[in-house]
Structure formats: structure tokens, C-alpha cells
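Trainee: Could we go through this structure together? I should like to start with the helices and then turn to the ligand.
Mentor: Certainly; please put it up.

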Amino acid sequence: MKKITVLAGGVGGARFLEGLLRAAPGAEVTVIGNVGDDITLHGLRVCPDLDTVMYTLGGGIHPEQRWGRDDESFGVARELAEYGVGPDWFTLGDKDIATHLVRTQMLEAGYPLSAVTEALCARWKPGVRLLPATDDRAETHVVVRDEENKRSAVHFQEYWVRLHAPDAEQIVFVGADEAKPAPGVLEAIAEADVIVLPPSNPVVSIGAILAVGGTGKNIRDAVISARAPVVGLSPIIGTAPVRGMADKVLAAEGVQTTPSAVAAYHGADLLDGWLVHDTDVDQVAPVEQVGIRCRAVPLLMKSLDATAEMARATLEFAAELAR
Ligand code: GDP
Ligand code: CA
């Protein structure tokens, strides 16, 4: 398998990619990154998922937290707090701010996000080609009930970080319909030998990427019509996400928090194969019932070795499906 294209969110996607690069050292890996979480704070454009992939693969990630920079300091955040300047629910570290300064400066000079990301990666050398799903603005918003029980839409970061993912009524990919896939995205899908959906959030990471393009040339249709087998890994083990609050956004989409429900949510038109955790063997039959090949293998990314083994299983499964 020479060309591997991965649709990735933040932490789950980045960890999987570390294992993939270990498992397939000779492969040409293109990552289509989620930009639905992007936000402007203090005038700075912040792209949390792209940066998590870039820092993780470039060796600059905070090792325990798995997002943000290692050896980080928070002098700027403390000074902003002294001024009483918010938001106080989203803290940017000093080193991280340098990334956002470079990005914002380049965006303001007229460079598209894809070119900016390439420039940032020239420093980090992540070992993959990292492409934002789109250069256009496509932001994930979440409809919740406010204190007076009125429907209100908040930016995904506000929903996730400030509100800690309360029950949601709807997920809206604002701007995704009009957004165009970034240069290279459709080609990376069409030319791939294998397409992987890593254990990223199915709705606000994978779903946000697939939604780009709306009724025009969109990413979902490109993946569906690609010649490569499409294999996904379940971010759900048992009846809970391994990390985070994906159950809340799945519920908003009317999807149960089980590996088989998530596979059905992606759909048999999109997925050729789906991997579930080895303790979820009971999920194999319901997945195959909807027309998606399924296999149970260990899916816990508890070490780089374990993650590389997951990536190997993914590529083996894909090779089998391609026959
Ligand atoms: P985010 O953008 O930082 O939220 O990261 P992603 O969207 O890429 O991934 C989040 C998903 O990764 C969550 O739904 C977790 O359940 C899943 N996840 C995290 N660690 C693991 C793991 O070790 N195994 C599996 N199968 N899923 C994981
Ligand atoms: Ca994210």
C-alpha cells in the first residue's frame, strides 16, 4: 500500500497516525485535517486539530495531555487575565501562541490555510502531507438550550470546552455547504490506495470533514467514489467513547453510542470495513448486517507499539477488502 489517505480529527487521529507511520514507514501518507473546531481568539486564528496532528507527529506535543505544546508556559494567558480580557475558558500557551501568530500573519497577508499549514509543517516535518479539509471557513456549531431553555447555537469550542458538552439538539456545519475542498484533497482521496477513518470523533471530526463541499464537489462523495477501500476504526468501545464526550454529539445526531451504530451512521456506501475492539465481538454481526465488513482487534492506543499494531491490522484488512 503506497498511498494512504487519512481523515483526522485531533487527539485520536494524531495518535493513530503515529502508529501508522511506524507500521508503514515507506508509505506516502496524506492527512485531511478537520477545521470545524477552528476559532479566532484574541485576534489569532487557532486550528486545534491541525496543530494536534502537527505537534504530535513533529515531536512537540505535550506528552500526557496529548494536545498543546510540551514544556509550555502561560505568561501571556496570565497577563490577559490581569487585564480581565477573556475568554477565560480557553487558555493559549506561550509557545502555542507563536504558531497562531505566524498563521494569522500569513492568513492576513492573503495565503490560504493550506499554504499556511504547509509553511508551519516545514518546521515540524510531521512525515505526512497535512491538508486542511478546506481553505474556506466551515465551523461546527452546536444547538443547545440556554439558561432560559431557549435554543441557541454556540461555537463548537464553547460547547466542548466552556460548557463541557451538555445535551445537544443539533450539530451544524456552518459554511460547509459553500466551502470547497482545499487543493489536493480530492486528488488525495481519488489517488489513494487505502483510505482510513482513524478513531476520531465520528460527528465533529470525521463528519465535519465529510460535510465540506455540500451539494457541490464534496469530500463525502469523493470518498464514496474512490477506488481505494475505506476502513474505519471505532472510537467507541463498549458503550462509551474511549476519551471525551463523543456520546453527546452522537445523541444529537440520533445515533447510539455503540461501535455498530457509528458504523451504520457513516454508512455502507462510505465504509468498506470497520474495526471494533476485541471485547466487542458481539458488534461484528450487526455491522456486517448493514453491509460493512467487520473485524474485532485490539483498539486501545495505550502505547506506540499497540497503536502501530492497530495500524497494521487496518492495512491488512484494507488489503483483504481490495481483492
Ligand atoms: P479530538 O479532535 O481531539 O477530539 O480528537 P479526535 O476527533 O481525533 O478523536 C477523538 C476520539 O478518539 C474520541 O471519540 C475517543 O473515543 C477516541 N479515542 C481516543 N483514544 C482512543 C483509543 O485508544 N482507542 C480508540 N478506539 N479510540 C480512542
Ligand atoms: Ca477536535
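**Helices and ligand**

Mentor: Helix H2 is largely enclosed by the rest of the structure, because 10 of its 11 residues are buried. Please keep in mind that this is a predicted model.

Trainee: Which residues of H2 are buried?

Mentor: They are Pro-48, Asp-49, Leu-50, Asp-51, Thr-52, Val-53, Met-54, Tyr-55, Thr-56 and Leu-57.

Trainee: Asp-51 caught my eye. Why does Asp-51 count as buried?

Mentor: Its relative accessibility is 3%, and buried means under 20%, so Asp-51 qualifies.

Trainee: And what does the side chain of Asp-51 contact?

Mentor: The side chain of Asp-51 makes a polar contact of 2.5 Å with that of Arg-103. Asp-51 itself belongs to helix H2, which covers residues 48–58.

Trainee: What follows H2?

Mentor: Gly-59 does, and its phi is positive, near 85°.

Trainee: Moving on to H11: how many of its residues are buried?

Mentor: Helix H11 spans residues 259–266, and 6 of these 8 residues are buried, which leaves the helix mostly covered. The buried ones are Pro-259, Ser-260, Ala-261, Val-262, Ala-263 and His-266.

Trainee: What phi does Gly-267 take, just after H11?

Mentor: Gly-267 has a positive phi of about 100°.

Trainee: Now the ligand. Where does ligand 1 sit?

Mentor: Ligand 1 occupies the largest pocket. It is surrounded by 19 residues, and the closest are Pro-199, Ser-200, Asn-201, Ser-205 and Leu-299.

Trainee: What is the make-up of that shell, in terms of nonpolar, polar and charged residues?

Mentor: The shell around ligand 1 consists of 9 nonpolar, 8 polar and 2 charged residues.

Trainee: Which helix gives the most to the shell?

Mentor: That is helix H1, residues 11–23, which contributes 3 residues.

Trainee: Which backbone atoms lie by the oxygen atoms of ligand 1? Let us begin with Gly-10.

Mentor: A polar backbone atom of Gly-10 is 2.9 Å from an oxygen atom of the ligand. For Gly-13, a backbone N or O atom is likewise 2.9 Å from a ligand oxygen. For Asn-201, the distance from a backbone N or O atom to an oxygen atom of ligand 1 is 2.8 Å.

Trainee: How much of the accessible area of ligand 1 does the protein cover?

Mentor: On its own, ligand 1 has 600 Å² of accessible area, and the protein covers 89% of that.

Key
Residues are numbered from 1 along each chain as its sequence is written. Chains are lettered from A and ligands numbered from 1 in the order in which they are written. This is a predicted model: local features need pLDDT of at least 70, side-chain atom pairs count only at pLDDT 80 or more; totals for chains, interfaces and linings use all residues. Side-chain values use heavy atoms; hydrogens and water are left out. A residue is near a molecule or strand if one of its heavy atoms lies within 4 Å of it. A polar contact is a pair of N or O atoms within 3.5 Å; within protein, one must be able to donate a hydrogen and the other to accept it, and residues adjacent in sequence count only if both atoms are side-chain atoms. Accessible areas come from the Shrake-Rupley method with a 1.4 Å probe; for residues, only the protein chains shown count as cover. On a 1 Å grid over the protein atoms alone, a cavity is a set of points where a 1.4 Å probe fits but cannot get out, and a pocket is an open set with protein on both sides within 12 Å along at least five of seven lines; lining residues have an atom within 4 Å of a point. A molecule sits in a cavity or pocket if more than half of its atoms lie within 2 Å of its grid points. Helices (H or I, at least four residues) and strands (E, at least two) are DSSP runs, numbered from the N terminus. Ala, Val, Leu, Ile, Met, Phe, Trp, Tyr, Cys and Pro count as nonpolar, Asp, Glu, Lys and Arg as charged, and the others, Gly among them, as polar. Buried means under 20% relative accessible area, exposed over 50%, partly exposed in between (1.4 Å probe, protein chains only).
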